[in-house]
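Trainee: Could you pick one spot in this model and take me through it closely? After that, please carry on to whatever else deserves a careful look.

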Amino acid sequence: MIETSGRLLKLLSLLQSQRDWTGAQLAERLDVTVRTVRRDVDKLRNLGYPVNATLGVAGGYQLGAGAQLPPLLLDDDEAVAVAVGLRTAAGGTVAGIAETSLRALAKLEQVLPSRLRHRVNSLQQMTIPLVGGAPTVDPEVLTAVAAVCRDHQRLRFDYRDKVGASTVRTTEPHRLVHTGRRWYLVAWDIDRDDWRTFRVDRMSPRIPTGPRFKARELSDEDVARLTSTSISTSVYRVQGRFVLHSPAAEVHEMVPPTAGVVEPIDDRTCRLIVGSPSLEQLAVWIALLGFDFDIEEPAELHNVIGPIVTRLNRASPPALT
């Protein structure tokens, strides 16, 4: 009985770790026969877990949604992450879930082992959130977008730009990105035939969603770079490219992904790509970073540096002798 119970827990953990499993894959991971897998799946169903099966030679299983939420199996790190996330959600950027988060947190902390409760409390006590004026996101929109990213389903939505103009976009959603202040969707825009990023707080999804699609290849690093470029460079009237005479790691300390894109060149130099409302503001900003730099583009930036230096010199008091 103990062996069977342990195997059921391991089977449940596998079903929760990814969407689809074949019977043969599960049998190999559990070191049992496919027939035993079928029996164990029936036992999980009797316990209230909605395990769906697909027909065919290989046969497949996936953990579906049921009328009630069955118990979830979390390892130590997952339990800590969920607890910290629920505490953070009370003052985060998702609207209307503070009270719900606290109720869920109370249930979770009631069953947390003392060693995990200590880890959660220590992290929370030593963390002070800075509450900003970022727009909040409807949790139903956020979960709906996350679901279509997971299930590779096309998504159509009404999208408002920064001046309030609305367009209808048809996309193949790929990943959600959270910058700490805002949520973004990285998706393949069908009509524009290119990758785009969309602020989730400006989206109104059209339900039902579209058909499933084959996911395009885009690494997590590419997703991060695409998002960084979109929010730090592309949205501005002026874009600048500079070679900074400093290692990329040092520049990253001064320039977060929301402010610019940093590309290592070698151990001593890196490239910085950044946007600005004007050439003058771009010149002042790059100078204030404190790194020696060369201008790659725009060439017009050379013409505004001289007048800025002249004004600064006029404002400086004469040197004491």
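Mentor: Glu263 sits in strand β10, which runs over residues 261-264. Keep in mind that this is a predicted model. The Glu263 side chain makes a polar contact with the side chain of Arg225, at 2.6 Å. If you set aside the neighbours within four places in sequence, Glu263 is in contact with Arg225, Cys270, Arg271 and Ile273.

Now for the salt bridges, where Glu263 will turn up again. The count for the model comes to 16. One of these joins Arg115 and Asp76, whose closest N and O atoms are 3.1 Å apart. Arg115 belongs to helix α6 (residues 114-125) and Asp76 to helix α4 (residues 76-89), so this is a link between distant parts of the chain, 39 residues apart. Asp76 is partly exposed, at a relative accessible area of 32%.

Another bridge pairs Arg192 with Asp189, with 3.4 Å between the closest N and O atoms. The two ends sit in contrasting surroundings: Arg192 is partly exposed, with a relative accessible area of 37%, whereas Asp189 is buried, at 0%. And here's Glu263 again: salt bridges that share partners bring Arg225, Arg241, Glu263, Arg271 and Glu296 together in one network. Two members of that network, Arg225 and Arg271, were already on the contact list of Glu263.

One more salt bridge takes us to the next stop: Arg206 meets Asp158, N to O, at 2.9 Å. Arg206 is in strand β8 (residues 203-206) and Asp158 in strand β4 (residues 155-160), so the bridge ties together parts 48 residues apart in sequence. Arg206 is partly exposed, with a relative accessible area of 33%, and Asp158 is partly exposed too, at 22%. If you're wondering why Asp158 doesn't count as buried, it's because buried means under 20%.

Let's stay on β4 for a while, since its two faces are easy to tell apart. Leu155, Phe157 and Tyr159 make up the covered face, while Arg156, Asp158 and Arg160 make up the uncovered one. On one side, β4 pairs with strand β5 (residues 166-178) in the antiparallel sense over 6 bridges, and Asp158 stands opposite Val168 of β5. The hairpin of β4 and β5 has 5 residues between the strands, and Gly164 there takes a positive phi near 95 degrees. β4 also pairs with β8, again antiparallel, over 4 bridges. Note the register there: the bridge partner of Arg156 in β8 is Arg206, while the side chain of Arg206 forms its salt bridge with Asp158.

What covers this part of the sheet? Helix α7 (residues 139-151) comes in here: its buried residues pack against β4, β5, β6 (183-189) and β8. Those buried residues are Val141, Leu142, Val145, Val148, Cys149 and Asp151. The helix has 13 residues and reaches 18 Å from its first C-alpha to its last, close to the 18 Å expected at 1.5 Å a residue. At the N-terminal end, Asp138 acts as the cap, with a side-chain oxygen 2.9 Å from the backbone nitrogen of Glu140. Just after α7, His152 takes a positive phi of about 55 degrees.

Back to β4 for its aromatics. There are 5 aromatic pairs in the structure. In one of them, the rings of Phe157 and Tyr159 have their centres 6.2 Å apart and their planes at 75 degrees, so this pair is edge-to-face. Phe157 and Tyr159 are each buried. Phe157 also forms an edge-to-face pair with Phe198, at 5.1 Å centre to centre and 80 degrees between the planes. Phe157 lies in β4 and Phe198 in strand β7 (residues 194-199), so the pair ties together parts 41 residues apart in sequence. Phe157 counts as buried at 0% relative accessibility, and Phe198 does at 2%. Put the pairs together and you get one aromatic cluster of Phe157, Tyr159 and Phe198.

So which features of β4 would I keep in mind, given how its faces split? On the covered face, Phe157 and Tyr159 are part of that aromatic cluster; on the uncovered face, Asp158 has its salt bridge with Arg206.

Definitions and conventions:
Residues numbered from 1 in each chain as written. Predicted model: local features only at pLDDT ≥ 70, side-chain atom pairs only at ≥ 80, totals over all residues. Heavy atoms only, no water. Salt bridge = Lys/Arg side-chain N within 4 Å of Asp/Glu carboxyl O. Buried < 20%, exposed > 50% of the residue type's maximum accessible area, 1.4 Å probe, protein only. Pairing = 2+ DSSP bridges. Expected span 1.5 Å × (residues − 1). Contact = heavy atoms within 4.5 Å. Polar contact = N/O pair within 3.5 Å; in protein donor to acceptor, adjacent residues only side chain to side chain. Phe/Tyr/Trp six-rings, centres within 6.5 Å; stacked < 30°, edge-to-face > 60°.
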